[in-house]
Each structure stands twice: as C-alpha cells, then as structure tokens.
Amino acid sequence: MELAKKVIYQLYTKSFNDTDGNGLGDLKGVIEKLDYLQKLGIDMIWMNPFYPSPQNDNGYDISDYVDIDPSFGTMADFEELIEEAGKRNIEIMMDMVLNHTSTEHEWFQKALAGDKYYQDFYYLRPAKADGSLPTNWHSKFGGPAWEPFGETDLYYLRLYDVTQADLNWHNPEVRKALHEVVNFWLDKGVKGFRFDVLNVIGKDEVMIDSEVPNSTQEKLLYTDTPIVHEWIQEMNAATFGQQAGFTTVGEMSSTSVEQGILYTNPEEKELSMIFNFHHLKVDYENGEKWSKTPFDFLELKAILNEWQTGMSNGNGWNALFLNNHDQPRANSRFGDVVNYPFETQSMLGQTIQFLRGTPYIYQGEEIGMTDPDYTSIDQYNDIETHNNYQIMLDKGYSEAKAFEIILAKSRDNSRTPMQWDDSENAGFTTGKPWLKVADNYKTINVKNELENGRIFPYYQALIRLRKEYEIIASGTYRGLLLEHPQIMGYVRELDKQQLLVMSNFYGETISLELPEEFKGRTADKLIGNGPMEALKDEITFAPYETVAFLFDK
C-alpha cells in the first residue's frame, strides 16, 4: 500500500494486553487482539520496544538488540505475531533505539572491563583541566549529561538516563553493528522501523561547552548536524532501502521544516517521514514543559500550517499525530473529556487525520481513553516524571503545585493499561498491572465502545475515507482561518476537487461567515460529528464540532 493511504497504530506493548498475569503486556496479548485492530482498519502496528532491558526507561534502555525480553514472550511468539498479522494484512513496525544502549548491554560492559575496542563504541572523555565535567551539557531527563565511567578517570556521555550511554556513531564499527541489528529484524519479516531520537546521533567528536546551558543553543550542538544525513543515507543503503515500500519514521526532536524535508524527500534516500513535536509544545509556559498553562490555539494552527505548507513545498512527508507514549492524552489536553468526550475525540481525530501525511493512532485514542486522575506521585513509574517532580520541589514549588503539573504533563498519562472491559484492571491483566489503570475504565473501554460507542465507528470511517478518496491521501494543503480564535480550517485540493475541513476547538457554539471562495457552491458532506448538514453563507458550529465538505470545481 502506498504511504499516503497507510494508517499506523501505535501499540505500547507494555500496556496493551497481558496474557500471563505478570502485569505487563506481551506479544501473545498483541496476537490475541489482532482481530480488533483489523476491525479498526489500520495497516501497520508500531510497537514500542520489547527487547531485553532493565526497564529504567521503559525499554528504551536496551541490553540486547536481537532478542525478546522474557517478560514479553519469546522469539517464537514474535515470529507468530508477524505471521498472524500478515494474514490480516497488517504489517509490523519495530522501534529502533540506536542513539544509546543500556549500560547493561554487552558492549558497555566490555568497555567497562577495559576492552579498548568497545570503549570506542561510546563517548568517553576526561574531565577538564579544572576537574569539571567534559562539557556543561544537560541531560534531557535532568542533571548533567556526563557520568563517571567505572573506576577510570573518564566520563561517558548520556543525553538521557544515567543508564543510557550514547553510542559513538563516528566509529564505523558501531554503524556496522547497528546495521546488522536492523537487518536481523528485516530478515524476521518486519516492514517498518521507527527510529528513536535519531537526529541527535551526530555529536561532534570534539565537544564544546554550550554558551547558554540547558537551552535551545545547547541542543543545536548535537541536533540535526550535517553528518546525521550521511549516516542515515548509509543505513538506508545498507539495510531497509533495499526493500521497496518499506516504511520508516524518525523521531526528530527540536528539528526544523528545512531539516524535515532533507530527512523525508524521497530523492535524499533517508526516511519515509518524521515526527516533529513543535505543535505539542503549545501548552509550555515560556518553552518549559513542566508548567501548566492553557494551550495557545493560534500557535497550534500556525505550527501545523508551517509544517504542512513547508513539507509540501519541499516534497517532504509528515507523520500526523497528537498522541504517543511520550505525550499526555490529546483529548485531556485540548478538549473537554467530561462534557464532550465524543465530540472532542472525533474532532481531534478528524482534524489531524485529514492533513497531508501519514496518520498515527495511539492505543486507546480510538475509544476515547483519557489521562488518569492519579492522587500520588508514587503512582507514577516514569523516570522523567520523578526526576522533574524533585527538580520542581528543589526550585521551591509546593508539593501540590508540583503534582498539579505532573498530572498534566507526565508521560505516564498515555501509558496506562489499555481498557478492554469493565472487569478488574480493565481486562488488561489478571495480575497486578505495572501501572495503575485509569479510574474511568468502567465506562471507557473497548467492550462498551464496540457495543454502544460512537468514537470507534468514527475512527473506522476516517480510515476508510483516506483509502477511498485520493484527495485525502494525495491532495495539496492550504490553510484557512489562520487568525480565527476558535476555528481551525484548511483545504485539500486534487485535480478538480476541493475538500474543506473545519473544526471548532472549543466548547462554545460559534457562528462565522463561510470563506468567500466557497459561497454559493454545492458541496457534499463527507463526514462530521455534529448537526451541520449543509453549507450556508453563515455557518454555526456546535461545541467541538468538525465537518468536511467535498466540492467539485
């Protein structure tokens, strides 16, 4: 299937479905629910890591790239998953974490034991002459980015957790070893790769202090450097680029439209598409994630418009998403899940899925799962959450204020177990779940949604329409109503057709004048979640109403 018509479902393996009662989702659990995913209509499953790992960062700290963690199952289970998914025309996308390994990985352990060959697999540097750390860089998880390397006088770089040592991609032996990892999974029948934090692999061999510690300027010292493109092109040629129609997506933090085009323009032979996160920082106060402030709607529209327009002009390709395992639930963030749960979720789903790019659906989104209402910091598992809770306390925040921010911004908000039914633990496990199930599982669950709900059928329709209407898959994009304080609008165009999409992002009814170019024209309503059935010169939107009208030019 062509990339533009593909819809990808992100499945957080650890929280999806547990079949052995250990409180963790597993591969057999995914196999058990393939019919459900087929019913939804998706084409590919992106699965978060299930490699052997000490789980300090929920599997993104890998101790063995070419095996399955026993808590998730066996290699035979994985091979069965590939086979069973294939029978349902569903492909599997693996998560590749190639910027760093766990400090428990054999490579790091050999380096610690003094093996010079493997010591060159990592960034090991001595302290400065004054005894301070090699650079003043900060870890993205808080604290300095350098840790003592065993009993030596060296330090190792870790842009993330203390147990995640950054790999030295300048070493051709590292790149060769990672290519072998990618090819191992290719041979297993994988049809896609999501590459974790891929645009930070290009650190300079000679590292310098940042002028403004823990700032955007600091991130630019190791983000989107020119050599990253060379290394991705090299990996493409040595691995997945040899398979026609293979799907890849790079996680690109703090990247730009210009870089996004380079990563995804087919002529560059790098990746199929990228994730960027600028549109999910519109509720950061002064750029600070760990804050609580209303989202800036005009900024959200401006960023989406910038990326849609820029990537289209440069022949790049966007991954379309509002949810993933590192973000709070979008419906809790940008809508009203108490008074308008169906309207909120369907509006957000339609707005993002009808844009130009490949849409991703994060598990539970299709049934309207929300952020959990936890009551204690002890209920959270995420290391970033605990680190930043302590940082806020150290800054003088009260426990109540710090916890209020955690409730809004923790990555665990989206990692709560999938809510299958109204039985104990939402039908996720017969044991104790690794993370507490959200309290609303009695009403928000798959069983109830399939029997009585409206969100799942709406998502089915969105997926079906992308496959049926070429204008959704391949049409151009043009933004509308960019300065309107409540409505987001855009036009998709292809040949002699136009698709007008408009969404009310707020819980207040509002009327507005139809854009001049559409007045007096006949249109067919393609889909909508509210009462609007026809276009008039003045149109009225109900709370969180979204609608799409198809015009023939």
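Hi everyone. Before we start, one definition: a residue counts as buried when its relative accessible area is under 20%, and as exposed when that value is over 50%, with partly exposed in between. Please also keep in mind that we are looking at a predicted model.

Let's begin with charges. Side chains of opposite charge can pair when their charged atoms come close. How many salt bridges does a search of the whole structure find? The count is 35, and I'd like to show you a few.

Take Glu 84 and Lys 87. They form a salt bridge in which the closest N and O atoms are 2.9 Å apart. Both residues belong to helix H3, which covers residues 75-87, and they sit three residues apart, about one turn of the helix. Now, is Glu 84 buried or exposed? Its relative accessible area is 17%, so Glu 84 is buried. Its partner Lys 87, at 54%, counts as exposed.

Next come Lys 436 and Asp 439, another salt bridge, with 2.6 Å between the closest N and O atoms. Lys 436 is partly exposed because its relative accessibility is 33%, while Asp 439 reaches 52% and therefore counts as exposed.

My third example is Arg 478 with Glu 517, where the closest N and O atoms are 2.9 Å apart. This pair links distant parts of the chain, 39 residues apart: Arg 478 is in strand S14 (residues 476-480), and Glu 517 is in the loop between strands S17 and S18. Arg 478 has 28% relative accessibility and Glu 517 has 33%, so each counts as partly exposed.

Some salt bridges also share partners. Asp 57, Lys 289, Asp 326, Asp 382, Glu 384, Arg 411 and Arg 415 are joined this way into one network.

Now let's follow S14 into its sheet. Which strands form this open sheet, and in what order? There are five, running S14-S15-S16-S20-S18, with antiparallel pairing. S14 and S18 are the edge strands, each pairing on one side only. On average, neighbouring strands are turned by 20 degrees against each other, direction ignored.

Look at the S18 edge: five bridges join S18 to the antiparallel strand S20 (residues 546-552). For instance, Ala 523 has Phe 551 in S20 as its bridge partner.

Finally, what packs on the sheet and touches S14 and S15? That is helix H10, residues 297-313, whose direction makes about 15 degrees with that of S15. Helix H12, residues 341-353, lies across S15, S16, S18 and S20, at about 35 degrees to S20.

Thanks for listening!

Key
Residues numbered from 1 in each chain as written. Predicted model: local features only at pLDDT ≥ 70, side-chain atom pairs only at ≥ 80, totals over all residues. Heavy atoms only, no water. Salt bridge = Lys/Arg side-chain N within 4 Å of Asp/Glu carboxyl O. Helix = DSSP H or I, 4+ residues; strand = E, 2+ residues; numbered from the N terminus. Buried < 20%, exposed > 50% of the residue type's maximum accessible area, 1.4 Å probe, protein only. Pairing = 2+ DSSP bridges. Axes fitted to C-alpha atoms, helices over the stretch in contact; angles between N-to-C directions. Contact = heavy atoms within 4.5 Å.
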